[in-house]
Amino acid sequence: GVEGAAVDTLIGDALAKLKAGKVPAELQLDVLDAAAKRPGLKGALAAIEAGLDAKDPIARWRVCLSGGNVEEGKKIFLERAEVSCVRCHKANGEGGEVGPELTGLIKKQDRAYVLQSIVHPNAAIAAGFENVLVTLKNDTTYAGVIKSDTDTELEINSPEDGLMKLKKSDIKTREKGLSGMPEGFADQLSRQDLRNLVEFIASLK
């Protein structure tokens with residue numbers, strides 16, 4: 001018991017510092033993970049979770065924004081079957097075409113955008129990858145990614161029908177489709193995994 005109590009006190013102190021904003025960003029997740037292994041700190045952890053901003057869609061994951069390991073992140077990107085990132089995304093020239101190229105993304109967007117795109121892929125969909133569902137006046141429907149959108153014509157790339165040019169005058173309704181990236185990756189990956197993935201994507205200059 002003595003050792004256990006001492007460890008609880010140590011980690012409890014670190015948690016209190018974290019709550020006060022005194023733990024460096026890249027160590028916050030490690031403190032939370034250490035605390036999660038200590039039954040005696042359940043209450044303190046719950047208090048921190050309860051204090052998160054309910055309006056912030058990535059509040060629970062902000063501790064993943066820094067401190068990750070690039071090599072571990074690369075492994076997840078290339079090898080982790082549950083999320084198979086590389087199937088749809090290119091990183092440094094290797095990977096699929098379905099999703100946006102990730103190399104250089106960090107020059108245009110910040111880490112919070114990267115993280116949000118993984119945990120809530122429908123919140124902000126990258127330009128050139130918006131899906132649309134179009135119903136024509138003759139009731140045919142097409143779904144695909146918008147390639148161009150002018151005053152008279154909508155061009156979409158449909159997985160079933162290839163590249164299609166639709167006259168605006170023939171369109172009855174159009175609805176925004178979902179991101180091609182499934183929701184739920186946050187359930188497939190631990191916060192450590194997510195942090196490593198963010199670090200890897202941020203390293204793709």
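These legends walk through several close-up views of the structure above.

The model is predicted, so local features need pLDDT of at least 70 and side-chain atom pairs count only at pLDDT 80 or more, while totals for chains, interfaces and linings use all residues. Residues are numbered from 1 along each chain as its sequence is written, and side-chain values use heavy atoms, with hydrogens and water left out.

**View 1. The largest pocket holds about 930 Å³ of space.**
Rolling a probe the size of a water molecule over the atoms shows where empty space is left. Here that is done on a 1 Å grid over the protein atoms alone: a pocket is an open set of points where a 1.4 Å probe fits, with protein on both sides within 12 Å along at least five of seven lines. Its volume is the space filled by probe spheres set on the points, which are joined across faces, edges and corners. Lining residues have an atom within 4 Å of a point, and the largest pocket has 42 of them. Look for His-89, Val-98, Gly-99, Pro-100 and Met-181, which lie nearest its centre. Helix 5 (105-108), helix 6 (111-119), strand 4 (141-149), strand 5 (153-158) and helix 8 (191-203) each give at least two residues to this lining. Helices (H or I, at least four residues) and strands (E, at least two) are DSSP runs, numbered from the N terminus. Sorted by class, the lining has 26 nonpolar, 11 polar and 5 charged residues. Nonpolar here covers Ala, Val, Leu, Ile, Met, Phe, Trp, Tyr, Cys and Pro; charged covers Asp, Glu, Lys and Arg; the others, Gly among them, are polar.

**View 2. The second largest pocket has a volume of about 260 Å³.**
This one is lined by 15 residues, and Leu-18, Ile-48, Leu-52, Ala-59 and Val-63 are the closest to its centre. Helix 1 (2-19), helix 2 (25-36) and helix 3 (42-50) chip in at least two lining residues each. The classes come out as 6 nonpolar, 2 polar and 7 charged.

**View 3. The largest nonpolar core has 41 residues.**
A nonpolar core is a set of buried Ala, Val, Leu, Ile, Met, Phe, Trp, Tyr and Cys residues joined through side-chain atoms within 4.5 Å. Buried means under 20% relative accessible area, exposed means over 50%, and partly exposed is in between (1.4 Å probe, protein chains only). Leu-15, Ile-118, Leu-197 and Ile-201 touch the most other members of the largest core. Eight helices each supply at least two of this core's residues: helix 1, helix 2, helix 3, helix 4 (70-79), helix 5, helix 6, helix 7 (185-188) and helix 8. There's also a second, separate core of 10 residues, with Val-132, Leu-154, Ile-156 and Ile-171 among them.

**View 4. Val-31 sits in helix 2 and touches Ala-14 and Leu-15, among others.**
Contact means heavy atoms within 4.5 Å, and residues up to four places away in sequence aren't counted. Val-31 is buried, at a relative accessible area of 14%, and its contacts are Ile-11, Ala-14, Leu-15, Leu-18 and Val-23. Ala-14, in helix 1, touches Val-23 as well as Val-31. Leu-15 has contacts with Val-31, Leu-32, Ala-35, Leu-41, Ala-44, Leu-45 and Ile-48. From C-alpha to C-alpha, Val-31 and Lys-17 are 9.9 Å apart in space and 14 residues apart in sequence.

**View 5. Val-145 belongs to strand 4.**
With a relative accessible area of 18%, Val-145 is buried. Leaving out residues up to four places away, it touches Gly-128, Phe-129, Glu-130, Asn-131, Glu-155, Ile-156 and Asn-157. Its C-alpha is 52 Å from that of Leu-10, which is 135 residues away along the chain.

**View 6. The cysteines form 0 disulfides.**
A disulfide is a covalent bond between the sulfur atoms of two cysteines; the cut-off used is a pair of sulfur atoms within 2.5 Å. Cys-64 is buried, with a relative accessible area of 0%, and its nearest cysteine sulfur, in Cys-85, is 14 Å away. The sulfur of Cys-88 isn't bonded either, because its closest cysteine sulfur, in Cys-85, is 9.0 Å away, too far for a bond.

**View 7. Ser-84 and Asp-139 each have a positive phi.**
Most residues other than glycine have a negative phi. Ser-84 has a phi near 25 degrees; find it in the loop between helix 4 and strand 1 (90-91), where it is partly exposed at 24% relative accessible area. For Asp-139, phi is near 70 degrees, and its place is the loop between strand 3 (131-136) and strand 4.
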